[in-house]
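Here are my notes for you to read alongside the structure. Please keep the model open and look up each residue as it is named.

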Amino acid sequence: MKSFKSKHLSSFKKRQLTPVLSAVLLVSGGAVHAQSAAQGEAARDLPPVRVVAQEIKPPFESSLTGEALDARRFGRNDTASVLEGTPGLSFYFGGGVSSLPVINGLGDDRLKITVDGMSITSACPNHMNPALSYLDPAALGSINVYAGIVPVSQGGDSIGGAIAVTSRPPVFAEPGQGLLTTGSFSAFARSNGDAQGASLRTAVATENFSLGYTGNTAESDNYEDGKGKEVGASRYKVRNNAVDLAARSGTDLYTLSVGWQDIPVQGFPNQAMDMTGNQSLSINAAYKGQFDWGALETRAYRQHVEHKMDILREKGGEMPMDTDAVDLGYSIVATLPWSEGNTVRLGHEFHRYTLDDWWPPLNDSFMGPHDFWNIRDGQRDRLAVFAELDSKLSEKLSTLVGLRLEQVRMDTGDVQGYHTAADGSYNGGTENYADSTYKTDADAFNAKNHKRKDLNWDLTAAARYVQSEAATYDVGVSRKTRSPNLHERYTWSNEAMMAGLMNNWFGDLNSYVGDLDLKPEVAYSVKAGADWHDAGRRDWQLTLAPFYTYVKDYINVEANTDANPYNMSMLTGRQSLRFINEDAVLYGLDLSASKYVGRAGGDWTTRATLSYVRGKTTDGDNLYNIMPLNGRLALDHALGAWTQTLEAVLVDAKDRVSEVRAEQETDGYGLLNYRARYKVSKTVRVDAGVDNLLNKQYDQPLGGLEYASADMMAGVAPVAVRGMGRSVNVGVTVDF
């Protein structure tokens, strides 16, 4: 086997373009899964069958690409959900295309997520527009996951892991082929919520130039739970488009991508607010080249987002909120063969994020007469350099060591509330509201220096030992740092009846206030991985990955004693909370196994995964939104053009909950899913399946609380977000 480093050395000598990402599929806890070539081509199409490349990957990296990725696209609009079933990964519930991935208990801004090399920030104060929501599954070329131990070259400003998604690479005609045209069309329908969608991908290319287009549209009504009851504000509609230009000359590749998104509506059952508009425009230019001295990658990008929120009709009320944000940045990465067996990566990155977050007034209401400025002229700049050494010390042992230095500068302008009168009056009236909290809090915030500067550093050291053809071991340690986001530092209003509720990306319906003096989070992690398998990687496999993380200055919350007497929109059991630093620990275990059963009317394979994570503060409270013990059991079958999978999803009760957030417990449950695919021809395939086959009623452990289920006047507390009931799904894909 060749190491990752050896592969690059070979490409340097031959001056050939190497792929950006290898053709490998899912890894559990850093150990690579295998799928037998002897099981046949059809067996490799089993959703979600795993394929492994013939070179060793860096420790704790996994990839999803090729036909295995195609099998997971079916019936999905949420790119994050493509990773469902990956050991150690769970998801915070959001809108139909906006769930937030979690790796070993750490998610959202604690993960480094890039889309085609772009760092995209959740501009919304409720994180309704996370990075992965800007790329539809139809456009995916590959997904790389770094679980816990992250190479410094994959980015900083995160402590939990990294996810890098890339679009499909450009296509070029072969020499002498002439003009090449290619494409694909797919459509799907899902019974629950009457969801439907379609996507088109097409390209025209010569030997040196390529022009491609990818677009999709998807929509759904509110879905129903296992009892046939509607889950309010779960509907959505989304449209994505991208035009890609590419040119190559020798070993030089130039790309330019322009993407735009329009989401006219996306409901959020676990938020007071809903998305009523999200328009974005991105420009992403990149260069990759091979030289005698090594390889060079450069990128420059800009994304502009205009985001709007209000309250959908099933929740009642009206409250417009606007956000205008820009992400822009560049990166330069050079990869050099340092000496025999050693490869060096050197890099420099810059990322600037600017944000205006304001809430227009409502006439004849206490929400007026002025704009409420939640974040005004917000700016967050990151400047980073890194160095990484990839070494093959022997045929069995390879190492990866890296250091990253990063400066984070943050600032905002002055703010104001809906009304600024000293007595709290509004619209010229005399009624006193919230004891003049808006003016008092705004004046106190504006009187302070808003500039903050953090100097952060990351260190990663990992090793892989290939003991034999049947055993591989990984180990890694890291120090990772994340500075607070703008909303954690700069949200200022203690008015808990309404303003604090609007800053809630946790889905718990509590009210949140920032702290200017928050410190960066620093995570110290250790992780090990073991992969045992038969010598040919054709019959069986067992992987194990324990981990431990200590987080100094973890950004958590405490009761906000400065809040006014109003209980956040009077929702029973909810409260006002302020961000603070305190220490925390997380530890757990990921396990996966597979076994080729045999051939009897086709090929049969069994798979199993199990994940456990425990998260708590050093003071003894449980961390919020920690996935309980969970696992999956699957039986795959392939016969000719047919592939099918029967899968059981098992989740334990969640009874270790965050006391400070008044987190709600959920019961354990089991779901049964079925998926099938039939290849009509080389260019046509049909997918079908049933999610939640037994129509099980269950609550989502990481779903938060349903805003629409609360009756504030009657003192009825909100309930946990209900999961989706049975859904029959069908789809077709035609390649041309």
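1. Please begin at Val 102, which stands opposite Gly 107 in strand S6. The two strands concerned, S5 and S6, run antiparallel and are joined by 2 bridges. Since this is a predicted model, please read each such pairing as a feature of the prediction.

2. The pairing of S5 with S6 belongs to an open sheet of 3 strands, whose order is S4-S5-S6 and whose pairing is antiparallel. Which strands form the edges of this sheet? They are S4, covering residues 89-92, and S6, covering residues 106-107, and each of these pairs on one side only.

3. Further along the chain, strand S17 (residues 294-310) and strand S18 (residues 321-339) run antiparallel and are joined by 15 bridges. If you wish to find one of the contacts in the model, look for His 307, whose bridge partner in S18 is Thr 323.

4. Strand S18 also pairs with S19, again in the antiparallel sense, and here the pairing extends over 17 bridges. Within it, Pro 337 stands opposite Thr 343 of S19. The hairpin made by S18 and S19 has 2 residues between the strands, and in this hairpin Gly 341 takes a positive phi near 90°.

5. Turning to the enclosed spaces, the count comes to 12 cavities of 30 Å³ or more. The second largest cavity has a volume of about 440 Å³, and its lining is made up of 27 residues. Lying nearest the centre of this cavity are Asp 109, Leu 111, Ile 120, Thr 121 and Ser 122.

6. Which elements give two or more residues to the lining of the second largest cavity? They are strands S5 (100-103), S7 (111-115), S19 (342-359) and S20 (372-392), together with helix H5 (486-490). Strand S7 gives the most, with 3 residues. As to chemical character, the lining divides into 11 nonpolar, 9 polar and 7 charged residues.

7. The structure holds 20 aromatic pairs, and one that deserves a careful look is formed by Phe 372 and Tyr 438, which are edge-to-face, at 5.6 Å centre to centre and with 75° between the planes. Because Phe 372 lies in strand S20 and Tyr 438 in helix H4 (residues 437-446), this pair ties together parts that are 66 residues apart in sequence. Are these two residues buried or exposed? Both Phe 372 and Tyr 438 are buried.

8. A second pair to compare on screen is that of Phe 506 and Tyr 512, which is tilted, with 4.8 Å centre to centre and 40° between the planes. Phe 506 and Tyr 512 are likewise buried. Over the face of Phe 506 lies Arg 661, at 4.6 Å from the ring centre.

9. Returning to Phe 372 and Tyr 438, I would ask you to note that they form one aromatic cluster with Trp 359, Tyr 418 and Trp 492. As a separate contact between an arginine and a ring, Arg 376 lies over the face of Trp 373, at 4.5 Å from the ring centre.

Notes
Residues are numbered from 1 along each chain as its sequence is written. This is a predicted model: local features need pLDDT of at least 70, side-chain atom pairs count only at pLDDT 80 or more; totals for chains, interfaces and linings use all residues. Side-chain values use heavy atoms; hydrogens and water are left out. On a 1 Å grid over the protein atoms alone, a cavity is a set of points where a 1.4 Å probe fits but cannot get out, and a pocket is an open set with protein on both sides within 12 Å along at least five of seven lines; lining residues have an atom within 4 Å of a point. Grid points are joined across faces, edges and corners, and a volume is the space filled by probe spheres set on the points. Helices (H or I, at least four residues) and strands (E, at least two) are DSSP runs, numbered from the N terminus. Ala, Val, Leu, Ile, Met, Phe, Trp, Tyr, Cys and Pro count as nonpolar, Asp, Glu, Lys and Arg as charged, and the others, Gly among them, as polar. Two strands pair if DSSP finds at least two bridges between them. Rings of Phe, Tyr and Trp (its six-membered ring) pair if their centres lie within 6.5 Å; planes under 30 degrees apart count as stacked, over 60 as edge-to-face and the rest as tilted. Buried means under 20% relative accessible area, exposed over 50%, partly exposed in between (1.4 Å probe, protein chains only). A charge sits over a ring if NZ of Lys or CZ of Arg is within 6 Å of the ring centre and within 35 degrees of the ring normal.
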